[in-house]
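Let's take a walk through a protein chain together. Have a look at the sequence and the 3D picture, and then we'll go from the whole fold down to a few single residues.

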Amino acid sequence: MKDAFGIPQSLLVLGGTSEIALATARRLVARRTRTVWLAGRPSPALEQAAADLRALGAQVRTVAFDALDPESHEAVLGKVFAEGDIDLVLLAFGILGDQAHDEREPVSAVRVAQTNYTGAVSAGLVSAAALQAQGHGSLVVLSSVAGERARRANFIYGSSKAGLDAFAQGLGDALHGTGVHVMVVRPGFVRSRMTAGLEEAPLATTPEAVAAAIELGLRRRSETVWVPGSLRLVMSAVRHLPRAVFRRLPV
């Protein structure tokens, strides 16, 4: 169970090598979290992430999980929940894709959509049902400001995040009053492996800053978290720009 400040004792990360997720796990382990499950495709990186968290004092287990195999999600995640209650599920998997390449190769574009949206819908519903069955817990979903309005430069990725964001908001409404808390996190440009080599956007942030915002959001039981917080106002203005004006922006 969580403590009085909203810090979970147990954490399940879907996307166990995500830099944001691991920064969040490190931060929570430093506070109170003692049991961590890292779910992802088996790899040396996943095992190294587990070893790093063990070195901080957490009990860590890895589980093979593939966002692109939704038919396996119920069985895989069911085994995790069967081991004991999970206080926090962090849905952190996703891919950026390559906009220019994906426009030319629709199959690649579909992979972005299936990973970021379809896989998340499946894993999110399975996790939500398990949290509801145990009567408590939080589901934190890593969305993106890219989902607020599709940009020419990354509309394939942005559209997948828009779908994810809408799904997570609706899921939060569906679970209201059940004891399960859903929080949507909307970071801006995050300096990470995924964005390496890309031109940095204004108000860029870091995995550690997103992790701090997630912890604060959990303590406050927030439903939506922007990182940095100033993006809330910026994206409100962007969202209401006339389309003809929006097209002229260097985005």
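## The chain at a glance

If you count up the secondary structure of the chain, you get nine helices and seven strands. Keep in mind that this is a predicted model.

How far does the C-alpha trace of the chain span along its principal axes? The answer is about 55 × 35 × 35 Å. You can also look at the radius of gyration: a compact globule with 251 residues would come out near 18 Å, and the chain has 18 Å, so the two agree.

What about the inside? Buried residues account for 49% of the 251 residues in the chain. Now take the contacts between residues at least 6 apart in sequence: 72% of them join residues at least 24 apart.

## Two helices that pack

Next, find helix H3 (residues 73-82) and helix H5 (residues 106-134). Their axes are 10 Å apart, and the helices pack at an angle of about 35°. The crossing in which H3 passes H5 is right-handed.

Which residues of H3 meet H5? They are His 73, Glu 74, Leu 77 and Phe 81. On the H5 side, the partners include Gly 119, Ser 122, Ala 123 and Val 126, and further along Ser 127, Ala 130, Leu 131 and Gln 134. Sorted by class, this contact has six nonpolar, five polar and one charged residues.

## A few residues up close

Here are four residues to click on, with their relative accessible areas.

| Residue | Relative accessible area | Buried or partly exposed |
|---|---|---|
| Ser 18 | 16% | buried |
| Thr 33 | 0% | buried |
| Ser 160 | 4% | buried |
| Arg 221 | 46% | partly exposed |

Start with Ser 18, which sits in the loop between strand E1 (10-14) and helix H1 (19-31). Why does Ser 18 count as buried? Its relative accessible area is 16%, and the cut-off for buried is under 20%. A polar atom of the Ser 18 side chain lies 3.1 Å from the backbone nitrogen of Ala 21.

At the other end of H1 you'll come to Thr 33, in the loop between H1 and strand E2 (35-40). Leaving out residues up to four places away in sequence, Thr 33 touches Ile 7, Pro 8, Gln 9, Ser 10, Leu 11 and Leu 28. With Pro 8 there is a polar link as well: the backbone oxygen of Pro 8 is 2.6 Å from a polar atom of the Thr 33 side chain. Thr 33 and Asp 87 are 54 residues apart along the chain, yet their C-alpha atoms are separated by 9.4 Å.

Ser 160 belongs to helix H6 (residues 155-175). What is Ser 160 in contact with, once its neighbours within four places in sequence are set aside? The list is Val 112, Ala 113, Asn 116 and Tyr 117.

## Two backbone oddities

Finish by looking at both sides of strand E7 (224-227). Arg 221 is in the loop between helix H7 (207-220) and E7. Although Arg 221 is not a glycine, it has a positive phi of about 55°.

Then move on to Pro 228, in the loop between E7 and helix H8 (231-239). What kind of peptide bond joins Val 227 and Pro 228? The bond is cis, with omega at about -5°.

Definitions and conventions:
Residues numbered from 1 in each chain as written. Predicted model: local features only at pLDDT ≥ 70, side-chain atom pairs only at ≥ 80, totals over all residues. Heavy atoms only, no water. Helix = DSSP H or I, 4+ residues; strand = E, 2+ residues; numbered from the N terminus. Buried < 20%, exposed > 50% of the residue type's maximum accessible area, 1.4 Å probe, protein only. Polar contact = N/O pair within 3.5 Å; in protein donor to acceptor, adjacent residues only side chain to side chain. Axes fitted to C-alpha atoms, helices over the stretch in contact; angles between N-to-C directions. Left-handed = near helix turned anticlockwise from the far one by under 90°. Contact = heavy atoms within 4.5 Å. Nonpolar A, V, L, I, M, F, W, Y, C, P; charged D, E, K, R; others polar. Rg over C-alpha atoms; globule rule 2.2 N^0.38 Å.
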